[in-house]
Amino acid sequence: MTKLLEVTNITAGYGDGPAIIDGAQLTIEPGKVHCIIGPNGAGKSTLLKAICGMLSIRKGDVVFKGERLNGLRPDQILRKGICFVPQERALFAKMTVRENLRMGGFILDDKRELERRIDGILERFPILRERADQHAGTMSGGQQQTLAMARTLIIKPDIVMLDEPSLGLAPKVVQEMFDIMKMMSAEGVTVLLVEQNALMGLKNADWGVVLDLGRTLFEGPAATVLADPRIQELYLGGKKAA
Amino acid sequence: MAEILQILILGLALGGVIALMGSGLSLVFGVMRIVNLAHPALIIGGAYITYLAFKTFDIDPIAMLPVAAVAMAAVGVVLYRLLFQREAKSAKYSEMTVLLTFALAMMVEGLLGGLFTNTQRVTSPDYATAAFFIGDVFIPKGQLYAGLVSLAIIAALSLFLKYSRLGYAIRATTQNREAAELLGVNVQFISVLAFAIGIGLAGAAGSLVSFVFSFFPAKHWEWIAMLMSVVVLGGMGSILGTVVGALILSVVAAFVGTWIGATWSTLTFFLALFIILLVRPQGLFGEKPEMA
Amino acid sequence: ENLKIGASLPITGGLSVSGEKHRRGYELCTKLINDAGGILGRQVELVVSDNRSDTATAINQYERFINVDKVEVVYGTFSSRLTFPVASILSKYNMVHAIPSGGALRIYEQGYKNLFYFQVNAAEYTGKDVAAVIKQLIPAGETPKSVAVVSADDFFANAIEAGLLGQKVKDPATDKEIADLAPGYLSDAGIEVLMQEKWPEEGFNDWLNLANSIKRSGAEMVIGLTASAEEAVQLTRSLKTVGATPKLVYLSQGAQTEFVEGVGKEAADGVLIHTTWHKDVPFESTLAGKPFNNADFVKAFTAEYDVEPDEDSAIPFAVCQGIEQAILGAGTTDNAKMGEWLHARTKDDPVRTVLGRFSWDEVGLPVEKSHIMTQWQDGSLTFVYPTGEFEGVSPFRYPKNGF
Amino acid sequence: MAVTLQDSSASAVIEARRAHNEKLSRKADQTRATWFPLTLLALLAALPLLQFVGNYNYVLHLVLFTASYVAMASGWNILGGFAGYVSLGHAVFFGVGGYFSGMLLARYGISTLITAPLAGLVAAAIGYAVGLVTLKVRGPSFIISSIALLMIARILFDNWHFIGGANGLTLPPNDLSVQWAKLPYYYAMLAIAAFTVWSAYKIKHSKFGLGLRALSKDEIKAESAGIDTRFYKVAAFALSAFFVGMVGAVWGEYLTYLRPNIFLLILVSANMVLMCILGGKGTIAGPVIGAILIVALNELFVATMGASEINILGTGLVMAIGLIFFPLGLVGTLARSGRLPRILNWD
Amino acid sequence: MLEVKNLCKHFGGIKAVDGVTFTVEKGAITALIGPNGAGKTTAFNCISRTAAPTSGEVWLDGERIDHLRPHKITAKGLSRTFQISRNLGDMTVIENVVVQSRVDGLRGLFRPAMSREEKDKAMSILDFLGITRIAHEDGHNLSYGQKKLMDLAALLMSDPKIILLDEPAGGVNPSLMEEIVGHIRALNDKGLTVLIVEHNMDLIMRLSHKVVVMAHGKVICAGTPDVVRKDPHVLDAYLGGVLEDEAA
Ligand SMILES: Nc1ncnc2c1ncn2[C@@H]1O[C@H](COP(=O)(O)OP(=O)(O)OP(=O)(O)O)[C@@H](O)[C@H]1O
Ligand SMILES: Nc1ncnc2c1ncn2[C@@H]1O[C@H](COP(=O)(O)OP(=O)(O)OP(=O)(O)O)[C@@H](O)[C@H]1O
Ligand SMILES: [Mg+2]
Ligand SMILES: [Mg+2]
């Protein structure tokens with residue numbers, strides 16, 4: 001079993017505040033969908049930020065394809081092949097949808113190819129095509145989410161990290177979203193997502209991770225995680241499962 | 001009729017120069033969210049470079065423009081690294097920079113004062129005090145050249161921002177630093193670049209200003225409010241707005257100055273600012289804020 | 001123990017150009033006095049503070065001189081606007097207040113004690129000498145018939161303007177009339193005012209437009225009452241650009257070398273400027289008890305600073321001379337005694353400075369002095385009036401043929 | 001891979017978290033030291049006794065000058081610190097106060113010490129009216145509008161001949177001897193400063209103050225939280241103008257000279273801002289500390305470097321260094337890192 | 001209780017809300033659902049007046065409120081949360097909550113910012129939502145879900161008569177969400193009227209008495225949850241057959 005990304009025992013936090021992530025670990029295998037769940041404030045978003053270089057890692061290692069990523073800037077990490085869509089969506093509010101997509105392919109040098117891929121994306125997401133010239137900031141919550149997600153498809157990274165991709169999406173679109181994710185993983189893009197919609201998330205994932213209080217509490221095949229009664233009670237809304 | 005035309009010409013000619021003076025300010029604000037109160041002081045820095053070249057080697061001020069621009073851009077790089085880099089991520093950035101640049105303005109003034117004394121200077125190439133006479137009206141050569149050069153520079157800059165890849169990166173960084181970083185933009189580099197361009201514009205403006213106005217280190221205080229009015233009228237951050245704002249205000253000020261009184265011509269700038277705040281707070285070309 | 005003398009000057013800020021020159025004047029004089037053994041056998045220590053052209057700071061610093069630095073004597077500061085409030089505080093402390101610059105009449109009408117003005121006369125009366133030049137130096141038929149008067153909204157410029165146009169000088173605090181200058185020197189000389197315009201003290205940029213208005217007014221004479229040499233340069237350059245062709249141009253500032261440098265020789269040619277001092281005027285004075293004439297001053301100054309002095313350095317130098325003579329005359333640094341001694345000066349027993357002889361009336365304005373009217377001729381500043389009082393007066397050039 | 005549940009380590013994390021939470025709540029109720037400003041005030045009130053043993057006019061002047069800026073910076077803080085609207089135009093109210101009371105003194109001989117509160121009200125009224133217009137915009141646009149306000153006021157005052165125009169207005173000095181002449185103004189300024197600081201404290205800890213802080217962060221949110229943001233900010237503007245206006249009134253008589261370019265200077269506004277920011281925007285002690293520091297630094301520069309451009313360079317440098325290393329101001333930054341000395345916690 | 005009549009909001013050419021009419025009955029929980037971009041948030045904005053409607057009327061308790069400023073509307077008992085949490089950084093969570101409590105008249109303005117009772121009340125609300133441990137944390141140092149919870153807490157502080165919730169459960173942990181559902185129901189039992197926008201169908205179906213469905217700025221269907229879930233338009237435009245999956 002090959003490991004694409006390995007996070008061992010890392011500690012990270014904001015500024016000189018307390019360590020929010022303290023002893024988290026994670027193993028990402030190529031081509032699979034990984035889903036992190038955990039209560040609010042567990043540190044899920046923080047963990048992803050630490051991996052992609054937005055926060056400095058105080059202790060521990062992040063190793064990607066055998067190379068340490070600690071201390072690199074986000075833009076450098078992106079160029080290595082890890083792409084992150086944060087929870088706050090990170091769109092350019094005053095740029096049009098098309099320009100946002102163009103920014104998504106900023107690291108591509110071939111302009112022609114970029115435009116071709118953008119057209120491909122617009123083809124795939126009619127919502128976006130209709131609004132190709134609207135400013136991203138004026139789109140509805142769900143539309144923005146779609147855009148943020150679609151943007152990552154442009155550069156075809158090795159790993160896509162998504163922070164709550166289903167957030168604010170209509171049920172129909174949520175399903176589409178997970179379908180896209182599956183398709184991505186089928187195309188060889190490894191997916192790491194954080195989900196509060198844990199049921200959906202785990203159902204569509206291969207590997208499940210439970211994070212709480214900044215550390216990995218539980219790690220295993222998604223189905224196992226989903227089935228564990230303790231986890232159901234603590235993190236999945238026990239009554240529902242019962 | 002000739003009188004009206006004449007006043008119009010004079011207003012436009014002055015407006016062209018003011019547009020360049022303001023555009024760097026607008027760029028640095030638009031891109032960096034830095035309200036650079038030191039901009040006029042740096043313009044004076046550029047003017048001194050030009051003046052020295054003119055005085056010692058008799059180099060034409062317009063020919064000196066690229067040199068002044070590059071030199072000031074280099075200064076910009078240093079300033080950015082020293083002053084602004086640390087805070088660039090802070091939420092209060094924009095507000096803090098107002099004060100930081102206020103401090104910078106004082107430092108630049110002090111430094112220039114130490115180097116060049118507070119004597120007023122001006123470069124006097126032939127065209128600075130000459131004019132084209134066309135029948136009853138005349139077009140001052142100095143202002144005309146300065147205005148044309150300004151507009152050319154601004155046009156080039158706008159094209160650069162709109163269409164080049166770096167331009168894209170600059171705009172993206174402005175809007176969402178974090179997102180840009182996540183998409184592979186080296187935001188540090190982009191910030192330095194944008195700031196350097198802004199200060200470079202100050203240098204360029206300095207070259208032109210050197211023969212249009214006379215200057216000394218403390219002069220910048222007189223310019224800041226006027227330039228700011230122009231920038232706000234046009235819409236903070238919009239370079240096109242700055243140009244239009246500068247031209248409109250200069251023309252109106254010229255009419256007010258001639259017909260009502262010179263005292264009131266400066267008032268035009270500030271009054272216009274209030275009126276615009278009243279009826280269109282975001283400025284002529286600015287983005288509408290969330291809640292009216 | 002050293003004799004400490006304090007001066008607060010606008011070394012930075014809006015008035016800094018003149019402020020810096022004033023410092024040189026004071027410093028040079030102090031140095032020369034000390035080289036000659038000091039005053040009453042004591043070395044003089046000059047304490048200069050920068051008030052940044054700010055009034056509150058200026059007042060503050062004089063109090064500081066008196067209370068903290070324990071100076072025995074002070075020199076005045078530069079400009080009417082700073083001098084006015086400083087006069088109030090120095091009067092309160094009963095100090096002798098020798099004023100290098102601060103010519104507005106109102107300052108002298110406040111009832112302050114021990115003011116001594118070291119220029120020709122209150123600014124309001126400056127126009128007298130302008131009118132005299134026109135009447136005496138221009139053949140009767142050729143005098144300019146009309147004038148455009150433009151001025152900075154500045155204390156000093158306003159004062160000159162009031163005299164030229166014959167306005168009333170009032171104290172706005174009490175609405176009391178201080179002087180009625182009607183009908184004004186211009187109308188006295190039979191010149192009609194075609195245009196009158198003021199520009200604000202700060203932030204004015206629209207020079208070309210102003211110049212254009214002047215040109216369009218068709219006035220034969222232009223009077224520019226500027227607040228600084230900088231403005232004089234701007235105004236002149238603009239008049240040149242718009243192609244104005246007045247027969248006579250009089251400016252209240254522009255005697256400095258920066259003026260020619262800024263406007264160019266041709267444009268400067270023929271411009272008339274009033275001044276209190278000129279380097280070539282053979283004034284006799286004394287320093288450290290020995291004769292020290294104007295030429296000596298120019299020489300010493302040039303040796304020290306490598307540039308020729310101008311009015312802004314000569315006037316403070318004269319203030320310093322006046323104070324020195326007052327201390328020597330009174331035999332003490334007791335300001336009350338010094339004041340008495342200075343007040344006792346007469347035309348025949350005056351204070352002798354590089355600005356000529358000084359004696360004062362009871363409010364502190366000099367008696368019977370007239371301005372030296374200078375004119376730029378071929379890139380150098382020559383004096384053309386008063387004629388017959390001293391040697392070296394050049395012939396007046398008229399009319400001015402364009403810029 | 002085996003499924004593991006790592007319970008044991010979880011409790012350690014919970015422990016660490018609890019410790020952090022405790023630290024946070026400790027920060028919240030650190031006791032304030034009201035005795036310190038009160039003692040300081042008492043000492044300053046007794047300071048003029050020095051006049052019996054010599055001439056300490058300059059010392060009194062410095063205290064008076066500092067007090068005036070303490071009041072102005074604290075007043076400014078209400079708008080700039082609490083509501084988050086940085087104004088570089090507050091010198092206008094300084095001027096309005098000065099001229100209003102000054103004219104009353106000149107024409108009717110009523111001392112500004114009596115009319116100062118009235119001057120404050122006039123300044124507040126003008127602040128209210130101006131605020132209605134300029135507070136429509138936030139951030140940099142507001143700052144610039146405030147500069148423009150200053151410029152407009154300057155031009156109007158310069159051309160208003162009734163009050164002496166650009167030439168200014170002289171006021172009669174009082175009849176006290178040199179020794180005691182400063183005392184009325186000294187005590188008046190001290191009282192105004194103390195009153196302003198006290199008011200700022202009261203405001204900060206009121207509903208009004210909380211509302212201001214809220215709207216300084218997010219106006220839409222504040223508005224939908226039930227806060228009448230427009231009224232709050234305009235009221236804050238008026239209040240802060242009130243204090244600055246009072247200072248202007250007394251300062252005018254103290255100087256005995258009113259002139260637009262003494263009062264209506266961007267540097268006067270900038271000083272208020274600088275003191276507030278350097279000391280700690282939004283804190284109570286901040287403006288006081290800031291004012292003391294800046295005046296002291298100024299004195300230091302004048303005393304050690306005398307007359308030179310280094311003056312300006314130095315002031316700018318201090319300002320920049322302060323901002324870079326203490327972005328929240330001295331008090332604010334120290335408080336944030338938990339290192340604020342007890343005596344400086346007046347909030 | 002709340003009546004929306006023919007509400008329109010246009011942005012240039014975009015008709016975000018286009019003639020929406022619906023009512024919210026007193027004491028009921030009404031849900032507003034619809035695909036992304038349907039105009040739900042915009043409708044909320046118009047009702048709470050954080051955006052000015054282009055045309056149309058909003059009535060609260062028989063009083064027209066569409067011309068009032070937002071704080072007035074809040075004072076009348078209508079409070080809302082934001083889809084993307086707006087919180088006040090540099091203020092602690094408890095301050096964020098207390099800020100929402102009512103202030104009466106001018107004198108009320110100068111009362112102490114946080115009285116004992118208010119503090120206790122705020123703490124009990126935080127406790128109720130299970131976030132007491134972050135009471136003194138800075139508002140912008142919260143995780144996404146924590147911000148949502150804080151918003152909800154603040155809302156409850158002002159004792160509103162009607163609350164508008166914009167996706168209260170988005171990004172909130174399922175376990176916690178269960179509790180929130182319980183709380184909303186409890187509040188509703190006490191007489192609080194609720195208008196809620198949510199994409200979590202399960203929650204909507206369990207909670208609401210009435211559902212209004214919007215698409216493309218228009219109301220396409222309204223009625224009880226059961227009626228709505230069977231409506232073919234709704235199925236097609238919004239649910240995309242998801243519900244059936246889950247039910248199965
Ligand atoms: N910018 C910040 N500065 C300081 N602390 C922060 C910051 N952002 C988050 N935190 C703290 O870090 C902890 C973890 O936050 P994080 O955003 O990683 O949670 P999460 O697991 O993503 O939660 P959610 O599901 O609600 O998004 C929280 O307790 C929060 O208080
Ligand atoms: N300021 C604006 N300018 C232009 N269009 C806007 C603006 N605000 C919203 N829109 C458009 O109005 C429509 C409705 O948006 P709204 O945010 O109300 O949708 P929503 O129903 O809340 O969707 P979601 O469930 O995704 O949050 C969208 O198509 C959006 O693009
Ligand atoms: Mg999160
Ligand atoms: Mg929405």
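**Two ligand sites shared between chains**

Visitor: Which elements of chains A and E each supply at least two residues of the shell around ligand 2?
Guide: In this predicted model, local features need pLDDT of at least 70 and side-chain atom pairs pLDDT 80 or more, while totals for chains, interfaces and linings use all residues, and side-chain values use heavy atoms, without hydrogens or water. Residues are numbered from 1 along each chain as written, with chains lettered from A and ligands numbered from 1 in written order. Elements are DSSP runs numbered from the N terminus (helices H or I, at least four residues; strands E, at least two). At least two shell residues apiece come from α6 (141-152) of chain A and, in chain E, from β2 (14-24) and α1 (40-47).

Visitor: Why is the ligand 2 site shared between chains?
Guide: The shell holds 21 residues, each with a heavy atom within 4 Å of the ligand. Among the closest are Gly142(A) and Lys40(E). The site is shared because the residues surrounding ligand 2 come from chains A and E.

Visitor: Which side chain has an N or O atom 2.4 Å from an oxygen atom of ligand 2?
Guide: Several chain E residues approach oxygen atoms of this ligand. A polar backbone atom of Ala38(E) is 3.2 Å from one, and the side chain of Gln83(E) places an N or O atom 2.9 Å away from one. At 2.4 Å, the side chain is that of Thr42(E).

Visitor: What share of the area that ligand 2 exposes alone does the protein bury?
Guide: That side chain of Thr42(E), with its N or O atom 2.4 Å from a ligand oxygen, belongs to this site. Taken alone, ligand 2 exposes 640 Å² (accessible area by the Shrake-Rupley method, 1.4 Å probe). Of that, the protein buries 88%.

Visitor: Let's move to ligand 1: between which chains does it lie?
Guide: Its surroundings comprise 20 residues. Among those that come nearest are Ser45(A), Thr46(A) and Asn141(E). Ligand 1 lies between chains A, D and E.

Visitor: Which residue has a polar backbone atom 2.8 Å from an oxygen atom of ligand 1?
Guide: Chain A offers more than backbone here: the side chain of Tyr14(A) has an N or O atom 3.5 Å from a ligand nitrogen. On the backbone, Gly43(A) has a polar atom 2.9 Å from a ligand oxygen. The 2.8 Å distance belongs to Gly41(A).

Visitor: How much of the accessible area of ligand 1 does the protein cover?
Guide: On its own, ligand 1 has 630 Å² of accessible area. Two elements give two or more residues to its shell, α1 (44-51) of chain A and α6 (144-157) of chain E. The protein's cover amounts to 91%.

Conventions: A polar contact is a pair of N or O atoms within 3.5 Å; within protein, one must be able to donate a hydrogen and the other to accept it, and residues adjacent in sequence count only if both atoms are side-chain atoms.
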